[in-house]
Amino acid sequence: VGINTAIFSRSGGYMGIGFAIPINMAKSIRDQLIKHGEVTRGRLGVYIQDMTKDLAESFGLDKAQGILVTQVMDDSPASKAGLKRGDVIEKLNGEDVGKVAEFRNHIAMTTPDTKVRLDILRDGKEKQLTVTIGKLEKSAEEGTQGKSEGEMPKLGLRLQALTPDLAAQLGYQNEKGVLVVAVDSGSPADLAGIQRGDLIQEIDRKAVTDPQVAGKLLTQNKGKAHLLLVRNGEATRYLTLKIENGD
């Protein structure tokens, strides 16, 4: 049950796929409007991604379950509670977490200043953290362009050193890494989710700043999935990338 908002129809008629706002979300928004005159959304202060099979293997996990924390914002509720990059969120208030979208919606609909309990896995050890939810703030991302210094045809990837001018232009001040300046369509890098403008900061948990060094790390050990920490704008995420045997 919900409030209809849109319909996808090939014919232009009423037959098709309908989209609706869940009724519980609509009721929460209604209550906030009545009580406060505006809608507020809860904020944890992290960037997260779904746990895949390859990521689980790279982190030494038995199964692809939970949500992976890729970045913790400074002075955020998550930072104050002790959440760290690389933590795997397994439960929220004692209940197993689902996909990122479901978890994000749950946090967003939580009233600011509410305390929630997170069960996490850090370096193979279970921990519990109590987080006081904050109020969501807006953020922005930027794109990029540049010239290539390191080419990896087998991966379909071209890299460049991050210069001070580029860092200032792209919002990567005080960041380190190698800049992705081109990704070939349909290449292993493209299929892994790497995009032009990404800043590769770590390869297999090792910090990288030189395109040639990054290229050597990525092209060694064929058949092995390399774990990459990638930043785009203000967001970071983990990706896995490999060259298949025989390529």
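Helices and strands here are DSSP runs, numbered from the N terminus, and with that in hand you can find your way to Ser76, which sits in the loop between strand S5 (67-72) and helix H3 (77-81). Before selecting it, keep in mind that this is a predicted model.

**The whole chain**

Start with everything on screen. The chain has 7 helices and 17 strands. Of its 247 residues, 41% are buried. Colour the surface by atom type next: the chain exposes about 14500 Å², with carbon and sulfur atoms supplying 47% of that area. If you draw contacts as lines, expect many that span the sequence: among contacts with a separation of 6 or more, 52% join residues 24 or more positions apart.

**Stop 1: Ser76**

Now select Ser76. Is this loop residue buried or exposed? Ser76 has a relative accessible area of 0%, so it counts as buried. Show its side chain and look for the backbone oxygen of Met73, which the side chain reaches at 2.7 Å. Then widen the selection to what surrounds it. Beyond its neighbours within four places in sequence, Ser76 is in contact with Arg43, Leu44 and Gly45.

While you are in this part of the chain, select Lys80 and Asp75. They form a salt bridge, with 3.8 Å between the closest N and O atoms. Both Lys80 and Asp75 are exposed.

**Stop 2: helix H4**

Select residues 100-108, which make up helix H4, and highlight its buried residues: Val100, Phe103, Ile107 and Ala108. Turn the view until you look down the axis of H4. The buried residues fall within an arc of 135°, so they line one face of the helix. A general point helps here: an α-helix has 3.6 residues a turn, so residues three or four places apart point the same way. What do the buried residues of H4 pack against? Their partners are strand S3 (42-43), strand S4 (46-50), S5, strand S6 (88-92) and S8.

**Stop 3: Gly124**

Follow the chain to Gly124, in the loop between strand S8 (115-122) and strand S9 (125-132). Gly124 is exposed because its relative accessible area, 60%, is over the 50% cut-off. Add Gly60 to the selection and measure between the C-alpha atoms: the two glycines are 64 residues apart in sequence and 7.9 Å apart in space.

**Stop 4: a nonpolar patch**

Switch to a surface view and select Ile3, Ile21 and Ile23. Together they make a nonpolar surface patch of about 210 Å². Ile23 belongs to helix H1 (residues 23-36). At a relative accessible area of 33%, Ile23 is partly exposed.

**Stop 5: two salt bridges across the sequence**

Side chains of opposite charge can pair when their charged atoms come close. A search of the whole structure finds 7 salt bridges, and two more of them are worth a look.

Select Glu175 and Arg231 first. Their side chains meet in a salt bridge at 3.6 Å, N to O. This pair links distant parts of the chain, 56 residues apart: Glu175 is in the loop between helix H5 (164-170) and strand S13 (178-183), and Arg231 is in strand S16 (residues 226-232). Glu175 is partly exposed at 26% relative accessibility, whereas Arg231 is buried at 9%.

Next, select Arg237 and Asp198, whose side chains meet in a salt bridge at 2.8 Å, N to O. They too link distant parts of the chain, with their positions 39 residues apart: Arg237 lies in strand S17 (residues 235-241), and Asp198 in the loop between helix H6 (188-192) and strand S14 (199-203). Arg237 is buried, with a relative accessible area of 19%. Asp198 is buried as well, at 0%.

**Stop 6: Ile200 and His226**

From Asp198, step along to Ile200 in strand S14. Ile200 is buried, with a relative accessible area of 0%. Its contacts beyond four places in sequence include Leu157, Val178, Val208 and Leu229. The C-alpha atoms of Ile200 and Leu239 are 10.0 Å apart, and 39 residues separate the two along the chain.

Leu239 leads to the last selection, His226, since the two are in contact. You will find His226 in strand S16. At 1% relative accessibility, His226 counts as buried. Its other contacts beyond four places in sequence include Ile203, Asp204, Leu217 and Asn221.

Methods:
Residues are numbered from 1 along each chain as its sequence is written. This is a predicted model: local features need pLDDT of at least 70, side-chain atom pairs count only at pLDDT 80 or more; totals for chains, interfaces and linings use all residues. Side-chain values use heavy atoms; hydrogens and water are left out. Helices (H or I, at least four residues) and strands (E, at least two) are DSSP runs, numbered from the N terminus. Buried means under 20% relative accessible area, exposed over 50%, partly exposed in between (1.4 Å probe, protein chains only). A polar contact is a pair of N or O atoms within 3.5 Å; within protein, one must be able to donate a hydrogen and the other to accept it, and residues adjacent in sequence count only if both atoms are side-chain atoms. Contact means heavy atoms within 4.5 Å. Patches are made of residues with over 30% relative accessible area and no salt bridge: like charges are joined within 9 Å, nonpolar side chains (Val, Leu, Ile, Met, Phe, Trp, Tyr) within 5 Å. Accessible areas come from the Shrake-Rupley method with a 1.4 Å probe; for residues, only the protein chains shown count as cover. A salt bridge is a side-chain nitrogen of Lys or Arg within 4 Å of a carboxyl oxygen of Asp or Glu. The arc is that of the directions from the helix axis to the C-beta atoms.
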